[in-house]
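User: Got a minute for this one? I'd like to go through it piece by piece.

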Amino acid sequence: MLLVNLIYAQNPTWIKSHHVAYKTQFFQIKDAFNYGLVYNGVNLKGEYSFVLKSDRKTFSYDADLAFGVNFKKGVALAWHFKPIDIFYGWRINKNHLNPLILGPYFATNYNWQLYPYLQSGHMYWFSSIEIGPRIEYTTPIKSRLFRFTMTNSLAGWASRPLPGTETYFYSLKFSDFVSNPHSNMKFGSFDLFNHTILEIEMANTKGKRLSVAYEFEYFGYYNDPKLSYIAHSINLIWRVGKI
Amino acid sequence: MRNATTIFFLIIVLTGCMKDDPLNLSFESYAPKDIGDGHILSCPANEKIDSLLLFDIYNDANADDNLWSIRSLLVFRHGKLVAENYFKDQDDITSRHLIWSCTKQVLGALTGIAIEDGVITSIDDPISDYFTSELSGHDDKANISIQELITMKSGIGYSNDGTKGQTDKLLRQIPDNMVDYILSLPMETQPGSSFHYKDGDPHLLSAIIQKTTGKPTDVWADEVLFSRIGFRNYNWVRYKDGITHGGYGIETTPRELAKIALCVADSGRWNGDQIISPDWIIEMTTPKATETNYEYVMGYYWWIDTANSIYFMNGHGGQYAFVVPSKELVVVMTAIPNTQGDYQIEADQALEVVYRIMNISY
């Protein structure tokens with residue numbers, strides 16, 4: 001918030017907006033730890049966004065939380081938490097009616113999975129603290145406004161459980177949900193992980209608060225144990241406050 | 001809108017198509033390898049097993065979705081290893097994995113040695129002969145006998161539920177003193193009156209052996225049994241209070257697990273040496289708990305398929321060692337160990353494989 005206030009204070013011409021989004025995701029997780037089985041499931045995700053826009057610059061902050069169930073051999077549970085996603089971008093073309101905005105983002109992502117039928121008592125996770133480029137292009141098509149956004153990690157830290165021997169003893173405490181995704185963090189770039197998000201938003205036209213988006217997300221972890229995560233979602237985005 | 005929907009589902013079809021990795025390696029041969037662990041190797045034909053049909057059994061086990069979690073299948077006849085396969089990873093030939101409650105059957109065999117060696121005077125002894133200070137405040141447990149512990153008829157209200165019962169606390173090592181915790185549980189039935197499968201009874205039995213021998217049960221077991229049968233590649237874990245687990249706790253390989261079963265199959269002998277009393281082997285594999293609520297009955301921790309005269313070790317997740325005296329067969333099957341419910345190999349599924357092997361053993 002301090003960062004937001006600093007940016008806002010420097011340039012009062014910024015236009016402030018708040019958005020909340022409800023996302024229904026179809027997702028797949030393939031984890032080498034889980035015998036390479038692909039679990040398919042559904043996530044329900046809520047997201048909050050705060051956006052500051054001026055003619056040439058954009059700043060945004062996002063946070064989201066998701067809960068899901070997925071299935072293969074028995075049911076599994078999944079959580080996702082993104083407490084921070086900060087983006088600062090500059091319009092790089094001259095056409096302010098079709099702005100092309102490019103800039104860096106910084107995000108933290110935490111994903112937890114429990115497979116009670118196959119991995120009784122054991123928590124799996126993948127998490128990342130990442131930076132990379134984000135590009136956003138907005139254009140009117142017929143009577144609607146479309147926004148295309150692409151985000152791709154460039155580098156950062158990623159965490160996965162350590163390959164370990166089987167053990168009779170386990171202890172799953174609430175604090176493990178915090179400590180585990182921060183353990184075994186490795187720094188790397190595309191050799192370690194890749195996180196891609198593509199979004200096509202049919203943006204709110206003048207006077208309308210609701211917009212709809214399709215979002216595709218991919219996360220791949222390339223060290224052992226390998227992991228692939230794919231999610232497709234339909235997002236309903238509601239702009240709150242004054243339009 | 002229709003076009004948008006079509007595009008959306010097209011994207012899902014094109015990108016949402018991750019495929020499972022193969023759960024098993026391709027099966028090529030069941031020929032056993034000589035790794036110098038003391039097993040005598042042979043081949044099916046020499047031991048009068050139909051080798052082609054045995055190949056089919058391995059192939060079927062590899063392809064059977066009901067046996068998807070199978071990790072190893074080993075066949076011994078006349079005390080010799082004639083076939084083995086490791087379905088997930090060839091390194092499992094020497095890699096230790098959890099055998100869960102097969103540990104109970106090891107403890108059953110050890111109890112015979114304890115009685116033979118005078119560590120336990122009589123199977124009819126009340127536990128108060130061994131637990132003195134431990135029973136302080138738990139007088140209702142004083143008359144439970146060793147016999148009742150080893151047939152799971154102690155009557156102690158111990159639940160084996162891994163999430164809500166006392167085994168959950170055992171697994172997570174919550175009580176500081178597990179023996180005191182078990183003894184402080186209320187009685188649910190009179191000792192000896194009914195069978196109730198649980199980890200609490202073997203844990204108490206292990207604690208009695210440990211107290212009497214003055215050394216951890218696993219250390220004593222190594223002296224009197226494991227070292228004598230070449231059971232070397234193992235670990236037997238202890239509770240945090242130092243008591244060796246009796247209900248589970250051994251990590252070992254399928255080939256090592258087979259050594260326990262082979263010793264039992266040979267009336268307690270190993271390479272001609274009598275390790276366990278033959279009388280104990282008979283008692284241990286004779287039904288003692290017949291109303292088990294399971295398909296099979298129990299002797300001294302050993303499960304018995306009475307209809308087919310098979311006795312076996314049985315651990316959570318699909319860990320088995322079957323002894324078929326009539327055919328001089330021992331079959332070991334292990335599986336991924338932490339599976340629950342329908343996703344583990346049940347005894348009847350594993351026994352179907354054993355029956356097929358019996359039918360091609362002449």
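User: How much area do chain A and chain B bury between them?
Analyst: About 2,900 Å², with 61% of it on carbon and sulfur atoms. Bear in mind that this is a predicted model.

User: Which residues in chain A lose the most area to chain B?
Analyst: A:Glu166, A:Tyr168 and A:Phe169. Together they make up 31% of what the chain A side buries.

User: And how many residues does the contact take from each chain?
Analyst: Chain A gives 30 residues and chain B gives 37 residues.

User: How many salt bridges across the interface of chain A and chain B?
Analyst: The rule finds three. One of them joins A:Lys73 to B:Asp65. Their closest N and O atoms are 3.9 Å apart. The cut-off is 4 Å, so that pair counts.

User: What about polar contacts between chain A and chain B?
Analyst: There are 13 residue pairs in polar contact, counting pairs with both residues at pLDDT 80 or more.

User: Which strands of chain A each supply at least two residues of the side that touches chain B?
Analyst: β1 (15-31), β11 (210-221) and β12 (227-240) of chain A. The largest share comes from β12(A), with five residues.

User: How does that side of chain A split by class?
Analyst: It has 17 nonpolar, nine polar and four charged residues.

User: Switching topic. What is the strand order in the open three-stranded sheet of chain B?
Analyst: The order is β3-β5-β4, and the pairing is antiparallel.

User: Which strands stand at the edges there?
Analyst: β3 (97-98) and β4 (234-236) of chain B. Each has a single partner strand, so one side of each is left without a neighbour in the sheet.

User: How many bridges join β4(B) and β5(B)?
Analyst: Three, in the antiparallel sense; β5 of chain B covers residues 250-252. Within that pairing, B:Trp236 stands opposite B:Ile250 in β5(B).

User: Now aromatics. How many aromatic pairs over all chains?
Analyst: The count comes to 40 by this rule. Among them is B:Phe195 with B:Trp303, an edge-to-face pair. The rings are 6.4 Å centre to centre, with 75° between the planes.

User: Where do B:Phe195 and B:Trp303 lie?
Analyst: B:Phe195 is in the loop between α6 (178-183) and α7 (200-213) of chain B. B:Trp303 is in strand β9 (residues 303-305) of chain B. So the pair ties together parts that are 108 residues apart in sequence.

How values were computed
Residues are numbered from 1 along each chain as its sequence is written. Chains are lettered from A and ligands numbered from 1 in the order in which they are written. This is a predicted model: local features need pLDDT of at least 70, side-chain atom pairs count only at pLDDT 80 or more; totals for chains, interfaces and linings use all residues. Side-chain values use heavy atoms; hydrogens and water are left out. Contact means heavy atoms within 4.5 Å. Buried area is the accessible area (1.4 Å probe) that two parts lose on being put together, summed over both. A salt bridge is a side-chain nitrogen of Lys or Arg within 4 Å of a carboxyl oxygen of Asp or Glu. A polar contact is a pair of N or O atoms within 3.5 Å; within protein, one must be able to donate a hydrogen and the other to accept it, and residues adjacent in sequence count only if both atoms are side-chain atoms. Helices (H or I, at least four residues) and strands (E, at least two) are DSSP runs, numbered from the N terminus. Ala, Val, Leu, Ile, Met, Phe, Trp, Tyr, Cys and Pro count as nonpolar, Asp, Glu, Lys and Arg as charged, and the others, Gly among them, as polar. Two strands pair if DSSP finds at least two bridges between them. Rings of Phe, Tyr and Trp (its six-membered ring) pair if their centres lie within 6.5 Å; planes under 30 degrees apart count as stacked, over 60 as edge-to-face and the rest as tilted.
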